[in-house]
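Visitor: I would like to go through this model site by site, with the reasoning behind each answer laid out. Could we begin once the structure is on the screen?

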Amino acid sequence: MSGHLLSIEDLSVTFRSERGPVRAVHSVSLHVDEGETLAIVGESGSGKSVTALSILRLIGDAGRIDRGRILFDGRDLLTLDKAGIRSIRGDRISMIFQEPMSSLNPVLTVGKQVAEPIRLHRGKSWAQAMEDAAELLERVAIPDARERLGDYPHQFSGGMRQRVMIAMALACQPRLIIADEPTTALDVTVQAQILHLLKELTRELRSALILITHDLGVVARYADRVAVMYAGRVVETAPARALYARPSHPYTLGLMASIPGLDAPAGTRLPTIRGQPPDLANLPEGCPFVPRCPHARAICSSAVPPLEPVGPDHLRACYGFE
Amino acid sequence: MASSKDEPFLVVEDLKVHFPVTAGLLGRQVGSIKAVDGVSFALKRGETFSLVGESGCGKSTTALSVLRMNRPTAGRIIFDGTEISALEGAALRPFRRRIQMVYQDPFGSLNPRASVRDIIGEPLVVHGLASSRAAYEARIAELMGLVGLLPDMASRYPHEFSGGQRQRIGIARALALDPDLLILDEPVSALDVSIQAQVVNLLMDLQERLGLTYLFIAHDLSVVRHISDRIGVMYLGRIVEVADRDALFGDPRHPYTQALLAAVPTPDPEREAARPHTIIAGEVPSVRNPPPGCRFHPRCPNAFAPCRTDGPELRALEGSRLAACHLYDAAHTRPST
Ligand SMILES: Nc1ncnc2c1ncn2[C@@H]1O[C@H](COP(=O)(O)OP(=O)(O)OP(=O)(O)O)[C@@H](O)[C@H]1O
Ligand SMILES: Nc1ncnc2c1ncn2[C@@H]1O[C@H](COP(=O)(O)OP(=O)(O)OP(=O)(O)O)[C@@H](O)[C@H]1O
Ligand SMILES: [Mg+2]
Ligand SMILES: [Mg+2]
């Protein structure tokens, strides 16, 4: 059996919609080991968040997990009952959600929201839990943290709310942290502080981090391995260095080319990937990237290309190009 | 009465926005959060001016003051020659049309139950500008075309769109009233780099075609560098440096600006592994009791005696650069090291 802390095997997730079923995640397999940081990158709408939410079974009523297993510490999370999964959420696996404003309760003080999981999972008193909450908020660099425990979310800036979410996720020293765009609202210095903190904790606690991000600089600095998603599938996965040194899927190449680097000429139009994002309710036959791919050939439309090795621990789903 | 090309189009003068901190059952005021504490800058017509700085330093609060969506504690805001900070009610209405905002969150900021047509058209209805059904439809088609959305998408709902498309809807809506000034608060941070590139290109095209002026707020410094003419760097409620794009990125002067630029992660794992990951040292400063003297001094590697007692003024250095730092004051001799 796998010695991975978490392994996702052949996961598929579908949503109901007026235009028919939408397959948001298609045969995704991923794993993460103790002490490791796995980054998931990819297009908006490619299924990164749905994959992450599936781990904690938070995809909502419109969605259904059609297939797959999610093994954590040897158990399949998809077969746990409601109470079983609830006891894991926020305790052994915690999630930093993509949208801080819709994930924080507007009528509860910031202090109470951070203290709640500590009370719930660690059985501490409110007073003790509030003390822990103050320390956590200090660790995520909230100024005047102790005095601001009684503030409501709307009194915090965008980036401060995001850090409240992070403090909540750290509250119970989880084995696995799933961070979905955790630093989009943070400046680069606070971002560095927070990601450094997350890395330290994974090392200290022998836990793991799944980092979903659009920022390819962040991936370069913090990730050990990377999975690239497109249209619900993993199209390339590799150790971070190998991915940047030898990006191998045409979508990955397009993504890398779109980065407005700090040394590129400013003020000009940026390169983009041509064409429209895929319509998940209406995917083409074969490789989903075909309509936008500069290298597409006849074979590409015949069947979805399987993930195959192109280097050590480096897989891509592509029939190849010159 | 339109201003000439060289006159500033928007002037923010010594803006202060303080939020009261209350305690006890009676809500007695025991202090204040000095979110914005003496911010001044000016925008030329047709330029892109960006505000960058630490999370919580007061960028959004400054933007909301320009939109007249909060109450400044002190200071003046002059838009195209009129002091809008002194206006109320009906007198303010024409200015509300001319200054529009695009928000960060393309998911949360659009009403999920309204069609794209109604979302884009709502400002027209609110301001009574929809003279006839046909004119309304024509205007919406025009706006959708402007941002690269297809006309047959008008009857769809926000959840049917990707993040980049939703951000285009937000931009079309902001353009509905033919504004002169667009405030963009983190407009691309939720988007993947390819779609982000599309939206940045779109914003640059629209600016050229419509002569828009942008006040741009973002944390992604490579995007800021790409789109901006000038940049203002904020730290703890104040502006610490203002410079043209190339001057700021090529030769940052304020130690906070230097620290900020040094922290930008580059998309290259080899380079990242090789260089030290410096994190700004020191405690996060309190916004209720900001440090005396220069607010950055407790964390500044270059701080010397005057920094601990005198707050440096924002002064002109060479060219059009301004910086608030004693290192560049003639009055203080720098200690020899
Ligand atoms: N509740 C839902 N109902 C219907 N469709 C959904 C729902 N949640 C997600 N989807 C669809 O599933 C697809 C994948 O969405 P997901 O949120 O995982 O994308 P993502 O990769 O996280 O994108 P982003 O980078 O923009 O956050 C999208 O096409 C989305 O529209
Ligand atoms: N309504 C409010 N009541 C009390 N404090 C507030 C309010 N709005 C903002 N603040 C405080 O003012 C300060 C500046 O907030 P602001 O939202 O302007 O920061 P920002 O620079 O936009 O940060 P970010 O980059 O994180 O969005 C913060 O300390 C914030 O908590
Ligand atoms: Mg997502
Ligand atoms: Mg803000």
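Visitor: Which residue places a polar side-chain atom 2.7 Å from an oxygen atom of ligand 1?
Guide: Bear in mind that this is a predicted model. Two backbone approaches to ligand 1 can be set aside, since the question concerns a side chain: a backbone N or O atom of A:G45 lies 2.7 Å from an oxygen atom of ligand 1, and a polar backbone atom of A:S46 is 3.1 Å from an oxygen atom of that ligand. The polar side-chain atom 2.7 Å from an oxygen atom of ligand 1 belongs to A:S49.

Visitor: How much of the area that ligand 1 exposes when taken alone does the protein bury?
Guide: The shell around ligand 1 consists of 13 residues, among them A:K48 and A:V50, and by class it has 4 nonpolar, 7 polar and 2 charged residues. Helix α1 of chain A gives the most to this shell, with 3 residues. Of the 640 Å² that ligand 1 exposes on its own, the protein buries 73%.

Visitor: Which residues coordinate the magnesium ion, ligand 3, and how many residues apart in sequence are the parts that they tie together?
Guide: The magnesium ion is coordinated by OG of A:S49 and OE1 of A:Q98, at 2.0 to 2.3 Å. Because A:S49 lies in helix α1 (residues 48-55) of chain A, while A:Q98 lies in the loop between β6 (93-96) and α3 (100-103) of that chain, the pair ties together parts whose separation in sequence is 49 residues.

Visitor: What is the exposure class of A:Q98?
Guide: The relative accessibility of A:Q98 is 26%. Buried would require a value under 20% and exposed a value over 50%, so at 26% A:Q98 counts as partly exposed.

Visitor: Which chains supply the residues that surround ligand 2?
Guide: Ligand 2 is surrounded by 19 residues, and the closest include A:Q155 and A:S157 as well as B:S55, B:G56 and B:T61. At least two residues of the shell come from each of α6 (158-170) of chain A, β2 (28-44) of chain B and α1 (59-66) of chain B. The site is therefore shared between chains, namely A and B.

Visitor: What percentage of the accessible area of ligand 2 does the protein cover?
Guide: Polar contacts reach ligand 2 from A:G159, with a polar backbone atom 2.7 Å from an oxygen atom of the ligand, and from B:T61, where an N or O atom of the side chain is 2.4 Å from a ligand oxygen. Taken on its own, ligand 2 has 640 Å² of accessible area, and the share covered by the protein is 88%.

Visitor: Is B:V36 buried or exposed?
Guide: B:V36 has its place in strand β2 of chain B. Leaving aside neighbours within four places in sequence, its contacts include B:L15, B:V17, B:T61 and B:G237. Since its relative accessibility is 0%, B:V36 counts as buried.

Visitor: Where is A:A231 found, and what is its exposure class?
Guide: A:A231 has a positive phi of about 50° although it is not a glycine, and its place is in the loop between β9 (225-230) and β10 (233-239) of chain A. Because its relative accessibility is 3%, A:A231 counts as buried.

Visitor: What is the exposure class of B:D178?
Guide: B:D178 also is not a glycine, and it has a positive phi of about 55°. Its location is the loop between α5 (163-175) and β7 (181-185) of chain B. With a relative accessibility of 55%, B:D178 counts as exposed.

Technical notes:
Residues numbered from 1 in each chain as written. Chains lettered and ligands numbered in written order. Predicted model: local features only at pLDDT ≥ 70, side-chain atom pairs only at ≥ 80, totals over all residues. Heavy atoms only, no water. Donors = N, O, S within 2.8 Å, 3.2 Å for Na, K, Ca; no water. Helix = DSSP H or I, 4+ residues; strand = E, 2+ residues; numbered from the N terminus. Buried < 20%, exposed > 50% of the residue type's maximum accessible area, 1.4 Å probe, protein only. Near = heavy atom within 4 Å. Polar contact = N/O pair within 3.5 Å; in protein donor to acceptor, adjacent residues only side chain to side chain. Areas by Shrake-Rupley, 256 points an atom, 1.4 Å probe, with all protein chains shown as cover. Contact = heavy atoms within 4.5 Å. Nonpolar A, V, L, I, M, F, W, Y, C, P; charged D, E, K, R; others polar.
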